[in-house]
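Please read the points below alongside the sequence and the structure. They are arranged by topic, and each can be checked on its own.

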Amino acid sequence: MYSFAVFKKSGIEPQACAVVYGIQAGLLPASAVPEFEEYMITDKQVDGVPELLIFEGSPEEATATLSKAGYVDDGRGCDILRYAILASLDSEGQELLDDVESVYADFGYPHDMEPFIYYMPSEGDSSTDDLVKRYREFLVSEKVRLGL
């Protein structure tokens, strides 16, 4: 399970769709609810929903509470959360590739990540440096594609 801190570490703003998706998928804890609401109030200057700031419940209750407050996954939550997690990784070399492989598994082995997964067949060089380069290129293209 990942923490809400992946958003800050990745340098992107937390988005409701990613938080909702993350909690539903078991990738973020239910404690992300008050963290997200605190971010919305503090950084985005929105009127808060007090029950979200003090939320302490199950993941099912978390997504229901977020939905009631108007926060839903618009279909982009998976990709945005995946980007945030990948961009928050701070390891290097083979350790980075191992961390990326864990994200690959956590997100159901998405095909678009295969070119930089060390055990997947690939065209061309499969050295650690080349795989890391492909991973970094993927991050750049995903950031653009997602409008982050």
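**Notes on a predicted model**

1. Met113 is in contact with Arg82, Leu86, Val100, Val103, Tyr104 and Phe138, once its neighbours within four places in sequence are left aside. Please keep in mind throughout that the model is a predicted one, and that what follows describes the model as it stands.

2. The contacts of Met113 can be read together with the nonpolar core. The largest such core holds 45 residues, and Phe7, Leu81 and Met113 are the members that touch the most others. Two or more residues of this core are supplied by each of helix H1 (6–10), H2, H3, H5, H6, H7 and H8.

3. Arg82, one of the residues that Met113 contacts, deserves a separate look. Arg82 is found in helix H6 and has a relative accessible area of 3%, so it counts as buried, the limit being under 20%. Not counting residues up to four places away in sequence, Arg82 touches Val103, Phe107, Pro110, Asp112, Met113, Phe138 and Glu142. Two of these contacts, Asp112 and Glu142, reappear with Arg82 in a network of salt bridges that also links Asp79 and Arg145.

4. How many salt bridges does the model contain? The count comes to 10. Side chains of opposite charge can pair when their charged atoms come close. Within the network just named, Asp79 and Arg145 form a salt bridge whose closest N and O atoms are 3.0 Å apart. Because Asp79 lies in helix H6 (residues 77–88) and Arg145 in helix H8, this pair ties together parts that are 66 residues apart in sequence. Both partners are partly exposed, Asp79 with a relative accessibility of 23% and Arg145 with one of 48%.

5. A further salt bridge joins the side chains of Glu92 and Arg136, at 3.8 Å from N to O. This pair, too, links distant parts of the chain, since Glu92 sits in the loop between H6 and H7 while Arg136 belongs to helix H8, 44 residues apart. Glu92 is exposed, with a relative accessible area of 56%, whereas Arg136 is partly exposed at 35%.

6. The salt bridge between Lys133 and Glu137, with the closest N and O atoms 4.0 Å apart, is set within a single helix. Both residues lie in helix H8, separated by 4 residues, about one turn of the helix. Lys133 counts as partly exposed at 49% relative accessibility, and Glu137 as partly exposed at 43%.

7. On which side of helix H5 do the buried residues lie? The buried residues of H5 (residues 59–68) are Ala62, Thr63, Thr65 and Leu66. They are on the same side of the helix because they cover an arc of only 160 degrees around its axis. These buried residues pack against helix H2 (16–24), helix H3 (32–42) and helix H4 (50–53). The face of H5 turned away from the buried side carries the exposed residues Glu60 and Lys68. After H5 comes Gly70, which has a positive phi near 95 degrees.

8. Tyr39 may be checked next, as a residue of helix H3, one of the helices against which the buried residues of H5 pack. Is Tyr39 buried or exposed? At 12% relative accessibility Tyr39 counts as buried, because the limit for that class is under 20%. Leaving out residues up to four places away in sequence, Tyr39 touches Phe4, Glu13, Pro14 and Lys44. Tyr2 lies 37 residues from Tyr39 in sequence, and the two C-alpha atoms are 17 Å apart in space.

9. A nonpolar patch on the surface, of about 320 Å², is made by Tyr109, Tyr118 and Tyr119. Of these residues, Tyr119 is placed in the loop between helix H7 (93–106) and helix H8 (128–146). With a relative accessible area of 40%, Tyr119 is partly exposed; this value can enter a patch because the rule asks for over 30%.

Notes. Residues numbered from 1 in each chain as written. Predicted model: local features only at pLDDT ≥ 70, side-chain atom pairs only at ≥ 80, totals over all residues. Heavy atoms only, no water. Buried < 20%, exposed > 50% of the residue type's maximum accessible area, 1.4 Å probe, protein only. Arc of directions from axis to C-beta. Contact = heavy atoms within 4.5 Å. Patch = residues over 30% accessible without salt bridge, like charges linked within 9 Å, V, L, I, M, F, W, Y side chains within 5 Å. Areas by Shrake-Rupley, 256 points an atom, 1.4 Å probe, with all protein chains shown as cover. Core = buried A, V, L, I, M, F, W, Y, C linked by side-chain atoms within 4.5 Å.
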